[in-house]
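User: I'd like a close look at one small part of this model, please. Here it is:

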Amino acid sequence: MAQILHPPKFPEEGVGRGLLNWQEVRFTMFWQTELASSSGPSLDDLLSAEKVNLDDVILDEFTIQEIRNGHEKLIDYLTSEEIIDELIVGALRPHIDESLPQKEQYKRAHQCTEILSLNNEALSMAILKSEESRKLLLNLLAEDNLNNLIASFYMKIVTQLLSKCTEQFLELLTKSNFMTLCLKRMKYSAVAELLYRIVSLPSDMEQQFFVRQVHDNVGYLWSELVRVLREVQYTAEDKRRDALMESLQSERNVRILMSRMLPDDPTKHCDSVKVNAAAILITLLETNFVPNCPSHQLGTEERGDSAQWIGGPPSSENELNGTLVWQPDAGRVVETVVAASTDRTVNAILESLQKSDGERGELSDAWYPLMQLLVQVLNTNHTETHQAVLAAFSSFLTNPFHLLFGAVLAHPLITVFHQQLARAIAFILYTASADPSPLIAYLIKDVDVLGQILNAYDSSQSSSLQKLARMTLRTFYINLAIVIRAARISSPNAATIDRLIKETEKESRWEEFLREVVAPYEEINKSDDVGAATAGVDVGMAKMENAEAPPIHVVAQQVTLDVFEELK
């Protein structure tokens, strides 16, 4: 007959111990009762032995459950330095007896991994306190005997450490070559999964250095794939369809990049995402060869030789010397997506220039690639792109160029920013399209670029500014004036620019500025060999009737000379 089990009888009030103290009740697990079959000593017996055998403990069928139940004696034993080192070695450097059946060979290693990856803070802290365990965790991926199973054990242990001891473990990883080793071991799916889990950490952890490294490597890989695959397509006689290239430049993926780079929720903005997403988009724009683009007109094309623009507007956006040029992104998909978000890009630039980076008080570095992206999307002769940019600019309550000019005054020593802004304006003025870019009228009328230069130049020479700041600002405004003057004479849009300037109320003041300020500046800074003196300058020189204008930005060379002259 089957035995009938009755519920335990607790003492009644006033009998024996009186009221039951529930805090003193310790429930007995089923396997600890006499009803459970036993094939050997209990876990408590193993731990009470004069010499505890680790293998007996880790292979005991109740060990994992007892750790979860908080068995103090068991946890104290497992977290001792000697035992925690044995567990780490057992999991990641197991001794394999090949005479055993294959499924038994990694049984001990698997059990060690299961114990180490349990949700137990004491075990995780014990691993990080042990020098030998730390060394093995940081250097395991460099070892030759790694295989898929060991890599999976490693992934489980590291994931648990990131969960329980995030800050301490991140500090260790940032001081090691962990990321380099991970990238070398990407052939193991567990390592790839580990990298994915790292990137998926909560947003407040994304500022850690190693996560930035992940973003950097993803950005670099994507950009290099685009460059290499497009180079192959350009040189191949037979322009075959490339599925990978189509995916890398697809509208869907470009839109995802833009949304991740500049999400609607400001709390989800991340500088490393901005930097690397912008780098990918810049590569997609740069490697889509656009004949007769503004940089082509200015002679500043960064890839290959480029001829100076001569004559009227080109007959076609994609023709060079009468020949239709093949393009990997003939539909200008990337241009279209980036141009539609120009307002968000400008806002991100301005926010980056206002935001300090941590305790050091340094500016965020996201503004530079975003500024490059703005410049690159303007380096096109595609009218629809310019119209999309104009629509985005028009959405601002305050004119975005007024905000950018304000940023120049706020940061007079960030001359790279000055250079990029001048380049953006030059590209607008030198756009060679069948009809003048609508951004040209926007610049001269709505932005009032002439008034901005004239007023800002006067205020930039205030004695309240440091001498170096006054000199960098003077150089910026004068060189920007030289660009506009050159575009009025020799750009594809010379007639339009001349007409628009004559329609402004500031023409006479502008001409006076060119005579009284710009001309003397050019005379003082004239070089015997302008080409040699400005070799390597980013924007190049604009051709004029009987003279050559200096480059847009010569601060790096000129400011130093001016400083010495004024300090004599």
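How exposed is K502 in terms of relative accessibility, and what does it count as? Walk me through the salt bridges around it too.

Analyst: Sure. This is a predicted model, so local features need pLDDT of at least 70 and side-chain atom pairs count only at pLDDT 80 or more, while totals for chains, interfaces and linings use all residues. Residues are numbered from 1 along each chain as its sequence is written, and side-chain values use heavy atoms, with hydrogens and water left out.

K502 has 48% relative accessibility, so it counts as partly exposed; buried means under 20% relative accessible area, exposed over 50%, and partly exposed in between, with a 1.4 Å probe and protein chains only. K502 pairs with D498 in a salt bridge whose closest N and O atoms are 3.2 Å apart. The term means a side-chain nitrogen of Lys or Arg within 4 Å of a carboxyl oxygen of Asp or Glu. Both residues sit in helix α28, 4 residues apart, about one turn of the helix. Helices here are DSSP runs (H or I, at least four residues), numbered from the N terminus.

D498 also forms a salt bridge with R488, where the closest N and O atoms are 2.8 Å apart. Since D498 is in helix α28 (residues 494-502) and R488 in helix α27 (residues 467-490), this pair ties together parts 10 residues apart in sequence. D498 is partly exposed at 22% relative accessibility, whereas R488 is buried at 13%.

Zooming out a bit, shared partners link R488, D498, K502, E507 and E511 into one salt-bridge network. The structure holds 18 salt bridges.

Notes:
Helices (H or I, at least four residues) and strands (E, at least two) are DSSP runs, numbered from the N terminus.
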